[in-house]
Amino acid sequence: YLLPRFVHVFDEKYPKVELEIREMITPDIVKAMDNDELDAALLAGGTCPERITEQELFDDRFYAYVSPENPLSARTNLRIEDIYTKELILLAEGHCLRDQIIELCGMSRMNELPYTLQSGSLETVMRIVDATSMLTVIPEMALPYIPEANRGRVKMLAKGAASRKIVVGVRRTYAKETIITALRETIMECVEKKSPSKRW
């Protein structure tokens with residue numbers, strides 16, 4: 001959700017920098033950085049070991065995405081306590097968003113979910129919500145990609161209840177600071193073009 005916002009701008013500003021972009025789950029990102037296979041990673045803060053430095057970019061709020069068949073669909077705002085975990089669908093293990101939602105909802109990892117969905121695609125999760133009476137939790141940066149007809153399925157979570165930090169992760173010994181600074185500045189330039197309340 002973030003890449004389309006800044007990649008073309010970065011490419012125009014820094015045409016001599018060769019970009020190779022990979023989508024990976026967090027454990028694989030950490031392993032690749034340890035093996036010197038990645039220069040930097042965009043990920044949720046607090047998910048990296050100490051040997052990787054996290055440079056904060058912005059806060060990304062969480063929202064509920066609720067099926068029209070779910071009793072909570074009539075509500076405008078939800079509290080975390082309102083979410084019945086037996087109705088919650090999450091991404092596959094290894095995705096930091098899954099772990100953050102489990103922690104947010106105070107769930108045990110094993111037996112509170114109705115079934116396991118081995119999908120790395122939040123779009124797939126939302127389509128399952130559309131076809132069932134379930135719900136999920138999505139990040140703010142996903143909001144512009146939700147079709148207009150489904151916007152009513154997005155529910156605010158109680159103020160201050162739910163957000164995550166998006167960071168650039170680099171190894172502590174990493175030397176190409178100029179490129180990392182250019183990356184961070186380009187992302188922030190693209191994100192801040194709108195007011196914070198309408199960032200996406």
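Q: Contact here means heavy atoms within 4.5 Å. Leaving aside its neighbours within four places in sequence, which residues is L157 in contact with?
A: Some ground rules first: this is a predicted model, where local features need pLDDT of at least 70 and side-chain atom pairs count only at pLDDT 80 or more, while totals for chains, interfaces and linings use all residues. Residues are numbered from 1 along each chain as its sequence is written, and side-chain values use heavy atoms, with hydrogens and water left out. With that settled, the partners of L157 are R61, F62, Y63, A64, L78, I80, I83, V137 and A162.

Q: What pattern does the protein follow, read along the sequence?
A: Helices (H or I, at least four residues) and strands (E, at least two) are taken as DSSP runs and numbered from the N terminus. That gives five helices and six strands. Strung together, they read α-α-β-β-β-α-α-β-β-β-α.

Q: Among contacts between residues at least 6 apart in sequence, what share joins residues at least 24 apart?
A: Here's one example of distant bits of chain coming together: the C-alpha atoms of I89 and V137 are 48 residues apart along the chain, yet separated by 8.2 Å. For the whole protein, the share of those contacts that join residues at least 24 apart is 74%.

Q: Is I89 buried or exposed?
A: I89 sits in the loop between β3 (77-78) and α3. The cut-offs, with a 1.4 Å probe and protein chains only, are under 20% relative accessible area for buried, over 50% for exposed, and partly exposed in between. Its relative accessible area is 3%, so I89 is buried.

Q: Which residues of the largest nonpolar core touch the most other members?
A: A nonpolar core is a set of buried Ala, Val, Leu, Ile, Met, Phe, Trp, Tyr and Cys residues joined through side-chain atoms within 4.5 Å. In soluble globular proteins, nonpolar side chains tend to be buried together. The largest core here has 31 residues, and its best-connected members are L88, I138 and L157.

Q: Which helices and strands each supply at least two residues of this core?
A: The core in question is the one with 31 residues, including L88. Its suppliers of at least two residues each are β2 (52-66), α3 (96-104), α4 (122-131), β4 and β5.

Q: How many residues are in the second, separate core?
A: Leave the core around L88, I138 and L157 aside. F10, M141, I180 and I187 are among the members of the other one, and its count is 17.

Q: How many salt bridges are there?
A: The rule asks for a side-chain nitrogen of Lys or Arg within 4 Å of a carboxyl oxygen of Asp or Glu. K13 and E189 qualify, with their closest N and O atoms 2.9 Å apart. That pair ties helix α1 (residues 3-13) to helix α5 (residues 177-191) across 176 residues. The total comes to 14.

Q: Is D60 buried or exposed?
A: D60 pairs with R164 in a salt bridge, closest N and O atoms 3.2 Å apart. The pair links strand β2 to strand β6 (residues 163-171), 104 residues apart. R164 has a relative accessible area of 11% and therefore counts as buried. At 0%, D60 is also buried.

Q: Why are E123 and R127 separated by about one helical turn?
A: Their side chains meet in a salt bridge, at 3.2 Å from N to O. The spacing comes out at about one turn because the two residues both belong to helix α4 and are four residues apart.

Q: Which residues do salt bridges that share partners join into one network?
A: E123 and R127 make a salt bridge in helix α4, four residues apart. Elsewhere, shared partners give one network made of R75, R79, E81 and D82.

Q: Which side chain does the side chain of R153 make a polar contact with?
A: R153 lies in the loop between β4 (135-139) and β5 (154-157). A polar contact is a pair of N or O atoms within 3.5 Å; within protein, one must be able to donate a hydrogen and the other to accept it, and residues adjacent in sequence count only if both atoms are side-chain atoms. At 2.8 Å, the partner is D130.

Q: What is the phi of D36 near?
A: D36 lies in the loop between α2 (26-34) and β1. With a relative accessible area of 54%, D36 is exposed. Its phi is positive in a residue other than glycine, near 65°.
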